[in-house]
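Here's a quick briefing to read with the sequence and the model side by side. Have a look at the structure, then work through the topics below.

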Amino acid sequence: MNQTIRQLLDTADLLLTDTDEPATSTAATASRCRGAAFALRVALESAVADRLTAHRAPRAIREGTQRAAFLWLRGGAEAGAARRAKAVWSQLCLGCHYHQYEIGPTEDQVRAWHTEVAVLVALLAR
């Protein structure tokens, strides 16, 4: 795992850590959760990019869309890990986007994503 990925996972962890402040507003909690989701998504994308580079993926795949990267990942990593990575990436993308009619991801959801991303980063680093 490279240093950037470690820092992104740590950033997500800090955003999810309860502060010693009195009860924060729902908006502040939602913003922290969305920020943590962004950090986790970038960490996962970086781990996939590292895997693509290590397995000499074509330049068009490395510099193309994330959709192309996850399709190529099926051949460059264990099938189960590739499926899990695509699934959690899709969930993180939904959690990162702001919609007026949604509150955003909950702390429990983001914690579950954090656990899954940490496992996947380790699997992809092998």
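A salt bridge here is a side-chain nitrogen of Lys or Arg within 4 Å of a carboxyl oxygen of Asp or Glu. Keep in mind that this is a predicted model, where local features need pLDDT of at least 70, side-chain atom pairs count only at pLDDT 80 or more, and totals for chains, interfaces and linings use all residues. Residues are numbered from 1 along each chain as its sequence is written, and side-chain values use heavy atoms, with hydrogens and water left out.

Two more terms come up throughout. Helices (H or I, at least four residues) and strands (E, at least two) are DSSP runs, numbered from the N terminus. Buried means under 20% relative accessible area, exposed means over 50%, and partly exposed is in between (1.4 Å probe, protein chains only).

**Salt bridges**

- The salt-bridge count comes to five, and three of those pairs are walked through here.
- Glu45 pairs up with Arg41, with 3.6 Å between the closest N and O atoms.
- Those two sit four residues apart in helix α2 (residues 26–54), so about one helical turn separates Glu45 from Arg41.
- Both ends of that bridge are tucked away: Glu45 is buried at 19% relative accessibility, and Arg41 is buried at 16%.
- Arg6 makes a salt bridge with Asp10, and their closest N and O atoms are 3.2 Å apart.
- Again the spacing is four residues, this time in helix α1 (residues 3–16), which puts Arg6 and Asp10 about one helical turn apart.
- Arg6 is partly exposed, with a relative accessible area of 35%, and Asp10 is partly exposed with 35% as well.
- Glu116 bridges to Arg84, the closest N and O atoms being 2.7 Å apart.
- Because Glu116 lies in helix α6 (residues 107–125) and Arg84 in helix α5, this pair ties together parts that are 32 residues apart in sequence.
- Glu116 is partly exposed at 22% relative accessibility, and Arg84 is partly exposed at 33%.

**The aromatic pair**

- Rings of Phe, Tyr and Trp (its six-membered ring) pair if their centres lie within 6.5 Å; planes under 30 degrees apart count as stacked, over 60 as edge-to-face and the rest as tilted.
- By that rule there is one aromatic pair.
- Phe70 and Trp89 make up the pair, and it is tilted, at 5.1 Å centre to centre with 35 degrees between the planes.
- The pair links distant parts of the chain, with Phe70 in helix α4 (residues 66–76) and Trp89 in helix α5 (residues 79–96), 19 residues apart.
- Phe70 is buried, with a relative accessible area of 3%, and Trp89 is buried too, at 12%.

**A positive patch**

- Patches are made of residues with over 30% relative accessible area and no salt bridge; like charges are joined within 9 Å, and nonpolar side chains (Val, Leu, Ile, Met, Phe, Trp, Tyr) within 5 Å.
- Lys and Arg count as positive and Asp and Glu as negative, while His and the chain ends are not counted.
- On the surface, Arg67, Arg74, Arg83 and Lys86 gather in a patch of positive charge.
- Helices α4 and α5 each supply at least two residues of that patch.
- One of the patch residues, Arg83, lies in helix α5 and is exposed, at 55% relative accessibility.

**An unusual backbone angle**

- Most residues other than glycine have a negative phi.
- Arg56 has a phi near 50 degrees, a positive value in a residue other than glycine.
- Arg56 lies in the loop between α2 and α3 (59–62), and it is exposed, with a relative accessible area of 74%.

**A few spots to find in the viewer**

- Ala37 is in helix α2 and is buried, at 0% relative accessibility.
- The C-alpha atoms of Ala37 and Leu16 are 9.9 Å apart, with their positions 21 residues apart along the chain.
- Leu94 is in helix α5 and is exposed, at 60% relative accessibility.
- From Leu94 to Val42 the C-alpha separation is 14 Å, and the two are 52 residues apart along the chain.
- Gly95 is also found in helix α5, but Gly95 is buried, at 6% relative accessibility.
- Gly95 and Gln3 are 24 Å apart in space, C-alpha to C-alpha, and 92 residues apart in sequence.

Terms used: Areas by Shrake-Rupley, 256 points an atom, 1.4 Å probe, with all protein chains shown as cover. Charge placed at Lys NZ, Arg CZ, Asp CG, Glu CD.
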